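Me: I am new to this structure and would like to learn how its features are read, one at a time. Could you take me through them, giving the general idea before the particular case?

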Number of protein chains: 2
Amino acid sequence: MIIDVHGHYTTAPSALGAWRERQIAALGDPGDAPSPAELRISDDEIRESIESNQLKKMDERGTDLTIFSPRASFMAHHIGDFQTSAAWAAICNELCHRVGLLFPDRFVGAAMLPQSPGVDPASCIPELERCVREYGFVGINLNPDPSGGHWTSPPLTDRHWYPLYAKMVELEIPAMIHVSTSCNPCFHTTGAHYLNADTTAFMQCLTGDVFKDFPTLKFLIPHGGGAVPYHWGRFRGLAQELKKPLLGTHLLENIFFDTCVYHQPGIDLLTRVIPVKNVLFASEMIGAVRGIDPETGHPYDDTKRFIEASANLSAAQRHQVYEGNARRVFPRLDAALKASGH
Amino acid sequence: MIIDVHGHYTTAPSALGAWRERQIAALGDPGDAPSPAELRISDDEIRESIESNQLKKMDERGTDLTIFSPRASFMAHHIGDFQTSAAWAAICNELCHRVGLLFPDRFVGAAMLPQSPGVDPASCIPELERCVREYGFVGINLNPDPSGGHWTSPPLTDRHWYPLYAKMVELEIPAMIHVSTSCNPCFHTTGAHYLNADTTAFMQCLTGDVFKDFPTLKFLIPHGGGAVPYHWGRFRGLAQELKKPLLGTHLLENIFFDTCVYHQPGIDLLTRVIPVKNVLFASEMIGAVRGIDPETGHPYDDTKRFIEASANLSAAQRHQVYEGNARRVFPRLDAALKASGH
């Protein structure tokens, strides 16, 4: 079984974007805000948006199941206040749930949280619980920078985040650490902010001791871990300078990397440097990089080709990357798969 | 000849730090500020600080010449105002100049600029000219984020920076794009902020057209280019989506990467992915990562070992990385070497 742990609903029907525009336009005047009930998207529209996009490519590439969350760049937690994010997250999560209902063997949800800059992350717990208990979601996306490129929240190791971590541990839910769009003109969203956030999150965990307080907490760092695997020697050396344990014990029981790295040398480095047990297959399809690589004739984000071609992995190790690790990191996914006979 | 293009005076005598502390303590009351003349460091003290540190390691490792600039994390452009930075930069640059006078075959200077958040970068030109014309410096370090982790300056492609670029082009001086210490608690200075800035600077250049306006402008991105080489496919794909030319023509006539990557797989990726003409040998010794790698028994920052061991480079290509590229990117270094018979 091949599980892609990182997919977003980037192809949602246009009514979703139109609703969000109305919501943003009404920020100064809450009375004008659209109600969630005003958003009408039919099952046929959802089916069409998935069948002609993600599902088509999954079938072409041989991916069985995608962990599917709302479009990351559209989370835009910096817009409005908690109520704005709460209404928006509820709508986006429900759409992903409906995708899972329409294609139960192919998509399972991960939740966007209703984060808002300066607001206690505990405020996200009701939406998280709803998504897990009512929708059967198996993970969340946690934004370490709800300000959108101004980095005004405390580091992930701060107690600020602990109520959320306690709930994650209780529910056996891992978090993908994933920022949203950048409203800082210095940072291109997908070319800088995403990768910077990955590196930043890892280094925050390295300097702190959050996994001593939450030994079973699990973070999935997307986009191949940002700059981390490429600079693995630097991080090992920094941990040593900071008198931290070896990274294998200090972080790699709790931190995992996905394979959203869009060329063969990058995947080769990732699979050479990071223990196989910490690497989870993903493509972020359909996402930031949608074109065909003229050097290979294949899509940049068809990362399965690189996993297949990597000389670093045995067949058993590929199975770990494709399925075994995902089932271990997402225990609720494993339980759901077992319940349906997988 | 082996040229290390990235070294900082991290081992300056302690009187320098004490002077800086007095300067900072007097920020609220400029009358209490120490005068530059109050800093007294003898030639013997400088000699000792270099001979027992950088020069010792250069001799052990077989490096002939280091392009030497003030300690990057101590630039701290966010502290005080332009006058604060101007006094501090002048002192730090003069010390590097004195190192070059004491060891003329082994160190050549690159200037720290007196940047200050919100201040026109043109204000840096007098110090830049002084360092080049009076001291014979061959490059500068340009901080894309003088706020120290809040990223309040415009992107490097903005006309904000153009007066400085015009002067760099006139003087044939490349810039290493190097941030300083982070005062944002989200970003560890050497583990996140440095690498993020490298990635950010590259992506700023990718989205813009600064090299159309300045065809001979040269940027050296340190720390192996941050996340860029590891995600080279992502950046090629993003350039394609943005309808930019191929990266080879769009950026690689003007952007170069150093080899400050502290393990073999990282250097192997760098030299596999980035054209050899764009890779310049460097170690940032003595810098962020000073320990011995227990996996190899050698210092993390002894990057020459990785260059030697890389199967991707022929002897001629190693020569390019060690010397040829540096002489091309730093024309004033080449002229100085030729003048001294090299």
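Reply: Let us begin with strands, where two strands count as a pair if DSSP finds at least two bridges between them. Keep in mind throughout that this is a predicted model.

Me: With that rule in hand, how many bridges join β1(B) to strand β2 of chain B, and do the two run parallel or antiparallel?

Reply: In general, the strands of a sheet pair through backbone hydrogen bonds, and the pairing may be parallel or antiparallel. Here β1(B) and strand β2 (residues 65–70) of chain B run parallel and are joined by five bridges. To see one position in this pairing, look at Gly7(B), which stands opposite Phe68(B) in β2(B). Strand β1 (residues 3–9) of chain B is also mostly covered, since seven of its seven residues are buried.

Me: In what order do the strands of the open sheet in chain A follow one another?

Reply: The open sheet of chain A is formed by eight strands in the order β1-β2-β3-β4-β5-β6-β7-β8, with parallel pairing. At its edges are β1 (3–9) and β8 (279–280) of chain A, each of which pairs on one side only. Within the sheet, strand β6 (residues 219–221) of chain A pairs with strand β7 (residues 255–258) of chain A over three bridges, in the parallel sense. Across that pairing, Leu220(A) has Phe256(A) in β7(A) as its bridge partner.

Me: By what turn can chain B be laid on chain A?

Reply: Two copies of a chain are related by a rotation about an axis together with a shift along it. In this case a turn of 180 degrees and a shift of 0.0 Å along the axis lay chain B on chain A with an RMSD of 0.0 Å. That is the relation of a two-fold axis. The C-alpha of chain B nearest this axis belongs to Ala227(B) and lies 2.1 Å from it. As for the interface, 100% of the interface residues of chain B are also interface residues in chain A, so the copies meet through the same surface.

Me: Now for empty space: what is the volume of the largest pocket, and which residues are closest to its centre?

Reply: Rolling a probe the size of a water molecule over the atoms shows where empty space is left. The largest pocket has a volume of about 370 Å³. Its lining consists of 22 residues, and the closest to the centre are Pro104(B), Phe107(B), Val108(B), Gly136(B) and Ala336(B). Two or more lining residues come from each of α5 (82–102), β3 (107–112) and α15 (331–339) of chain B. By class, this lining has 14 nonpolar, six polar and two charged residues.

Me: Which elements of chain A each supply at least two residues of the lining of the second largest pocket?

Reply: They are α5 (82–102), β3 (107–112) and α15 (331–339) of chain A. The second largest pocket has a volume of about 310 Å³. It is lined by 18 residues, of which Gly100(A), Pro104(A), Phe107(A), Val108(A) and Ala336(A) are the closest to its centre. This lining divides into 11 nonpolar, six polar and one charged.

Me: How many cavities of 30 Å³ or more does the structure hold?

Reply: The structure holds six such cavities, and the largest cavity has a volume of about 80 Å³. It is lined by 15 residues, with Val5(B), Ile67(B), Ala110(B), Asn141(B) and Met176(B) nearest its centre. The strand β1(B), which we met at the start, gives the largest share of this lining, four residues. By class, the lining of the largest cavity has nine nonpolar, six polar and no charged residues.

Me: Finally, is Ser153(A) buried or exposed?

Reply: A residue counts as buried when its relative accessible area is under 20%, and Ser153(A), at 7% relative accessibility, is therefore buried. Ser153(A) lies in the loop between β4 (139–142) and α7 (162–171) of chain A. Neighbours within four places in sequence aside, Ser153(A) is in contact with Pro144(A), Pro146(A), Trp161(A) and Cys186(B). By contrast, Gly62(B), in the loop between α3 (54–61) and β2 of chain B, is partly exposed, with a relative accessible area of 33%. With the same neighbours left aside, Gly62(B) is in contact with Ile2(B) and Lys304(B).

Conventions. Residues are numbered from 1 along each chain as its sequence is written. Chains are lettered from A and ligands numbered from 1 in the order in which they are written. This is a predicted model: local features need pLDDT of at least 70, side-chain atom pairs count only at pLDDT 80 or more; totals for chains, interfaces and linings use all residues. Side-chain values use heavy atoms; hydrogens and water are left out. On a 1 Å grid over the protein atoms alone, a cavity is a set of points where a 1.4 Å probe fits but cannot get out, and a pocket is an open set with protein on both sides within 12 Å along at least five of seven lines; lining residues have an atom within 4 Å of a point. Grid points are joined across faces, edges and corners, and a volume is the space filled by probe spheres set on the points. Ala, Val, Leu, Ile, Met, Phe, Trp, Tyr, Cys and Pro count as nonpolar, Asp, Glu, Lys and Arg as charged, and the others, Gly among them, as polar. Buried means under 20% relative accessible area, exposed over 50%, partly exposed in between (1.4 Å probe, protein chains only). Copies are superposed by least squares on the C-alpha atoms of residues with pLDDT of at least 70 in both. Contact means heavy atoms within 4.5 Å.
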